[in-house]
2 protein chains.
Amino acid sequence: MEFKEAKEQFLQTWGALGSQWGINKTMAQIHALLMISPDSLSMEEIMEELQISRGNASMNLRGLIDWGIVYKEYKPGERREYFKADQDVDSLARKIAIERSKREIQPTLRVLEDVRNFDENDSSEAQKFKQKTQELYDFVSRADTMLEKITNQKENWVTKTIMKLMT
Amino acid sequence: MEFKEAKEQFLQTWGALGSQWGINKTMAQIHALLMISPDSLSMEEIMEELQISRGNASMNLRGLIDWGIVYKEYKPGERREYFKADQDVDSLARKIAIERSKREIQPTLRVLEDVRNFDENDSSEAQKFKQKTQELYDFVSRADTMLEKITNQKENWVTKTIMKLMT
DNA sequence: TTAAAGTTTCAATAATATGTGAAAGTTTTT
DNA sequence: AAAAACTTTCACATATTATTGAAACTTTAA
């Protein structure tokens with residue numbers, strides 16, 4: 001396999017993985033491209049490499065910056081903006097965890113809480129509903145606590161955890 | 001809030017959460033509906049409650065059965081098939097973890113391995129590529145090991161883990 | 001064996017999500 | 001201050017994914 005080919009396949013695969021986990025394909029690809037680039041890239045270069053339009057590149061780069069995993073860089077003497085990705089995979093995971101919790105899990109927990117305050121109704125249907133939404137609430141908040149753990153540690157939490165479990 | 005309303009909102013929210021995590025909305029909703037139903041439901045009842053077509057119901061129920069989180073039930077003397085959801089939230093999480101690992105993570109790991117065997121090329125670009133794909137490989141397989149942990153324990157792994165970390 | 005009751009499939013359609021490109025906006029240089 | 005270099009926005013186009021509904025299929029009961 002040629003290097004170019006390998007790179008191509010990697011960008012494709014990573015993009016596909018992204019979509020399966022709720023991150024849009026192009027965004028995942030831009031991020032992947034920046035991760036493997038020794039130097040920061042201009043928007044032109046990104047457009048060229050991924051064959052995408054300026055608008056698309058601009059929007060998704062902004063998205064990545066909002067997620068806090070890509071930075072703008074200004075090169076001295078250069079007008080153009082360059083972009084670089086956070087280089088640390090663990091810090092990447094941490095940031096994604098924080099954001100997804102904030103954007104998706106917290107709102108879901110709020111709804112799960114709300115939804116149990118309906119007017120008195122003691123049908124078995126209502127009973128079961130209360131019970132299951134409670135269970136889901138407990139489960140989701142446990143999962144969220146895990147994400148928080150990842151979040152609050154500088155050190156790599158995943159490895160540490162696995163070490164503990166293996167002993 | 002009325003019970004009916006609460007139920008409605010729950011089904012909506014759970015469906016939305018599903019889409020954000022790569023599970024199709026209807027599938028998530030059917031599953032949610034079965035979770036909170038005291039009795040198993042026929043396809044008719046599901047169609048009615050979620051206002052979806054027969055085809056849609058059939059396809060997504062099959063999907064849920066493939067994932068191993070919904071079962072068919074035959075009531076004695078009844079012709080029609082009834083469906084019920086796995087009632088245990090932890091076992092649900094376990095099954096989803098197994099399937100997503102098999103369907104998404106394993107293939108990605110294979111690509112990440114493959115992609116580093118390109119023809120000799122010692123450009124800094126190629127070096128960086130090798131390094132980052134290695135780091136990603138390590139990270140993804142660590143994450144996968146975590147999922148496997150969830151998978152191989154009867155007992156609730158998440159709670160156990162958090163307990164360990166808190167002591 | 002055939003009608004009835006039910007389920008599945010799949011081509012057509014609808015809904016949603018993504019991407020484009022040109023115009024508008026911004027900043028820097030001359 | 002106005003032209004050049006670049007970025008952002010957004011209405012529209014395209015692609016992707018989900019849904020429908022009717023026909024085909026399967027199973028059971030009479």
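**B:Ser53 meets the backbone of DNA strand D, with a backbone N or O atom of the residue 2.7 Å from a phosphate oxygen.** This is a predicted model, in which local features need pLDDT of at least 70 and side-chain atom pairs count only at pLDDT 80 or more, while totals for chains, interfaces and linings use all residues; side-chain values use heavy atoms, with hydrogens and water left out. Residues are numbered from 1 along each chain as its sequence is written, and chains are lettered from A and ligands numbered from 1 in the order in which they are written. Another phosphate oxygen contact in this view comes from B:Asn56, which places a polar side-chain atom 3.1 Å from a phosphate oxygen of DNA strand D. For the bases, turn to A:Arg79: an N or O atom in its side chain is 2.8 Å from a base nitrogen of DNA strand D. These pairs meet the rule for a polar contact (N or O atoms within 3.5 Å; within protein, one must be able to donate a hydrogen and the other to accept it, and residues adjacent in sequence count only if both atoms are side-chain atoms).

**The surroundings of DNA strand D come from both protein chains, with A:Arg62, A:Arg79, B:Thr26, B:Ser53 and B:Arg79 the nearest of 18 residues.** A residue counts as near a molecule or strand if one of its heavy atoms lies within 4 Å of it. Which element gives the largest share of this surface? It is α4(A), with 5 residues. Helix α4 of chain A and α4 of chain B each supply at least two residues here. Helices (H or I, at least four residues) and strands (E, at least two) are DSSP runs, numbered from the N terminus. By residue type, the surface divides into 3 nonpolar, 8 polar and 7 charged. In these counts Ala, Val, Leu, Ile, Met, Phe, Trp, Tyr, Cys and Pro are nonpolar, Asp, Glu, Lys and Arg are charged, and the others, Gly among them, are polar. On the DNA side, 60% of the strand D atoms within 4 Å of the protein belong to sugar or phosphate, and the rest to bases.

**DNA strand C is surrounded by 18 residues, the closest being A:Thr26, A:Ser53, A:Arg79, B:Arg62 and B:Arg79.** Look for B:Arg79 at the bases, where an N or O atom of its side chain is 2.9 Å from a base nitrogen of DNA strand C. Its sequence neighbour B:Arg80 has a side-chain N or O atom 3.2 Å from a phosphate oxygen of DNA strand C. From the other chain, a polar side-chain atom of A:Asn56 also lies 3.2 Å from a phosphate oxygen of this strand. The elements giving two or more residues to this surface are α4 (54-66) of chain A and α4 (54-66) of chain B, and α4(B) gives the most, with 5 residues. The residues near DNA strand C divide into 3 nonpolar, 8 polar and 7 charged. Sugar or phosphate accounts for 63% of the strand C atoms within 4 Å of the protein, with bases making up the rest.

**Chain A and chain B meet through 56 residues of chain A and 56 residues of chain B.** Contact here means heavy atoms within 4.5 Å. The buried area is about 5800 Å², of which carbon and sulfur atoms give 71%; this is the accessible area (1.4 Å probe) that the two parts lose on being put together, summed over both. How many salt bridges are counted between the chains? There are 4, each requiring a side-chain nitrogen of Lys or Arg within 4 Å of a carboxyl oxygen of Asp or Glu. B:Arg142 and A:Asp90 form one such bridge, their closest N and O atoms being 2.8 Å apart. Across the interface, 16 residue pairs are in polar contact, both residues at pLDDT 80 or more. On chain A, α1 (3-20), α2 (25-36), α5 (89-114), α6 (124-152) and α7 (157-166) each supply at least two residues of the side that touches chain B. Of these, α6(A) gives the most, with 15 residues. That side of chain A divides into 27 nonpolar, 15 polar and 14 charged residues.

**The sheet of chain B is open and antiparallel, with 3 strands in the order β1-β3-β2.** Strands β1 (41-42) and β2 (70-74) of chain B stand at the edges with a single partner strand each, so one side of each has no neighbour in the sheet. β1(B) is joined to β3 (residues 81-85) of chain B by 2 bridges, and two strands count as paired if DSSP finds at least two bridges between them. Opposite B:Ser42, look for B:Tyr82 in β3(B).

**Chain A holds an open antiparallel sheet of 3 strands, ordered β1-β3-β2.** Its edge strands, β1 (41-42) and β2 (70-74) of chain A, each pair on one side only. β2(A) pairs with β3 (residues 81-85) of chain A over 5 bridges, in the antiparallel sense. A:Tyr71 stands opposite A:Lys84 in β3(A).
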